[in-house]
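Here is a short report for a reader new to this structure. Please keep the sequence and the 3D view at hand while reading.

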Amino acid sequence: MTRDVGLYFHIPFCARKCAYCDFVSYPGMEDAMPAYADALIAEMGRRAAPEIRIATAYIGGGTPSLLPPELMDRLLDAAKRRFCFLPDAEWSCECNPGTVTEAFLAVLRAHGVNRLSLGAQARQERLLRLLGRIHTWEQVEQSVRLARAAGFENLNLDLMLGLPTQTVSDVRESLDAALALQPTHLSCYGLIVEEGTPLHARVRAGEWTLPADGEERDMYEACRSILAENGFEQYEISNFARPGYTCRHNTDCWKRREYLGLGCAACGFMGNIRYRNAPSLSGYLAGAPAEEETVSPEEARFESVMLGLRMTEGLREEDFVRMHGMTLRAAFGSKMDAPIRDGLLTYENGVLRLTRRGMDLQNRVLLEFL
Ligand code: SF4
């Protein structure tokens, strides 16, 4: 039987480490790129199987656009040789402004990559500097121009909310500037201050102050209303798309479809097995094996709720029954009642969905289901 799955490639190289970043990414390691491409291609060979068909693919990082075009060409060529891509497969690549070149984009297009995601983050120079981003807003605009010229119609811009010193009017200005570039998709992520990052140290030392909770909520509401006015539909807590342009790769992950992750620190999930590749670049290059775990039926049911509730369409009872062989009520019993009673969750017409307030308090809702 065929299995339609997602495919993720992790490209762990960056020009410089951003102040908030705790992703697995390495600045100044360009020399390791050819060996990394070899290791990725070897992993493709190990993970490919005749029954697997690729419905969506996503090249993320790190900064995939830092790879020399000829190396990206090798990787994409190998991927197409080893895996069977469905004819309508969505294939996205993350890029960072300041690293995007005509030659790189031409390679993506030549291999069928049809969606680009650009880390724009904020319109204001002071915020880009504070975040340690390597680019200016002019470079965001230039990257979009290059992407359009290369033939990319489906284009996402990432923006960030809740940054130190950021105001609601900054967010409005960033949204206006982003909308002027006519993207098909916008992701508006709230900043997470991760321990161990320079940002965390400066916030803890009192050098940088985060917006108050109420102000961050106002930023989020500004996104929701401005994007709705401009024809974007919110389909997930942080994601907005023009009709027909939701990111299928991410949506499939939230629907708990199977996916293969390739590269250092990449995770995959097939059947009831979840794996995580060696977390460091050196370990991955040295051939350290992936760690595997079996996902229990209880964990699988909880994951369906945790991921499904991220989407504004919610979790459909019939999908849950198809995946787990039991109803939501049979799986969670009275655990559903308190968040419904408190107005955080609704269950109507066979769909479990967070309310607007529930979106703000998602963790509290999930705790009830644990
Ligand atoms: S570009 Fe992305 S992955 Fe790279 S350091 Fe910045 S936030 Fe991290």
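## Strand E7 and its neighbours

Strand E7 covers residues 154-161. Six of its eight residues are buried, so the strand is largely enclosed by the rest of the structure. This is a predicted model.

E7 has a pairing partner in strand E6, residues 115-121. The two run in the parallel sense and share six bridges. One residue pair can be picked out here: Arg115 has Asn154 in E7 as its bridge partner. E7 also pairs with strand E8, residues 185-190. That pairing is parallel too, again over six bridges. In this case Leu159 has Cys188 in E8 as its bridge partner.

Helix H6, residues 168-180, belongs to the picture as well. Together, E7, H6 and E8 form a β-α-β unit. The unit is right-handed.

## Two loop residues with positive phi

Thr165 sits in the loop between E7 and H6. Its phi is positive, about 70°, although Thr165 is not a glycine. Is Thr165 buried or partly exposed? Thr165 has 13 C-beta neighbours inside 10 Å, so it counts as partly exposed.

Arg256 also has a positive phi, about 65°, and is not a glycine. Look for Arg256 in the loop between helix H9 (248-254) and strand E11 (259-262). Is Arg256 buried or exposed? Arg256 is buried, because 21 other C-beta atoms lie within 10 Å. The cut-off for a buried residue is 20 or more.

## Around the ligand

Which residues surround the ligand? They are Cys14, Lys17, Cys18, Cys21, Phe23, Ser25, Gly61, Gly62, Thr63 and Asn96. By class, this shell has four nonpolar residues, five polar and one charged.

Two residues of the shell, Gly61 and Gly62, deserve a second look. The peptide bond that joins Gly61 and Gly62 is cis. Its omega is about 20°. Gly62 lies in a loop, with strand E4 (52-61) on one side and helix H2 (69-82) on the other.

## Two domains

The protein chain is divided into two parts: domain 1 spans 3-254, and domain 2 spans 297-370. How far apart do the C-alpha centres of domain 1 and domain 2 lie? The distance is 28 Å.

The domains touch each other. Six residues of domain 1 are in contact with eight residues of domain 2. On the domain 1 side, the largest share comes from strand E9, residues 233-236. E9 supplies three residues. By class, the domain 1 side has three nonpolar residues, one polar and two charged.

## Helix H10 and a long-range approach

Ser282 lies in helix H10, residues 281-285. Why does Ser282 count as exposed? Ser282 has 12 C-beta neighbours inside 10 Å. A residue with 12 or fewer is exposed, so Ser282 falls in that class.

Ser282 and Ala32 are 250 residues apart along the chain. In space, their C-alpha atoms are separated by 9.4 Å.

Technical notes. Residues numbered from 1 in each chain as written. Predicted model: local features only at pLDDT ≥ 70, side-chain atom pairs only at ≥ 80, totals over all residues. Helix = DSSP H or I, 4+ residues; strand = E, 2+ residues; numbered from the N terminus. Pairing = 2+ DSSP bridges. Right-handed = clockwise from strand over helix to strand, strands pointing away. Domains from an automatic or database assignment. Contact = placed C-beta atoms within 7 Å. Nonpolar A, V, L, I, M, F, W, Y, C, P; charged D, E, K, R; others polar. Near = placed C-beta within 6 Å.
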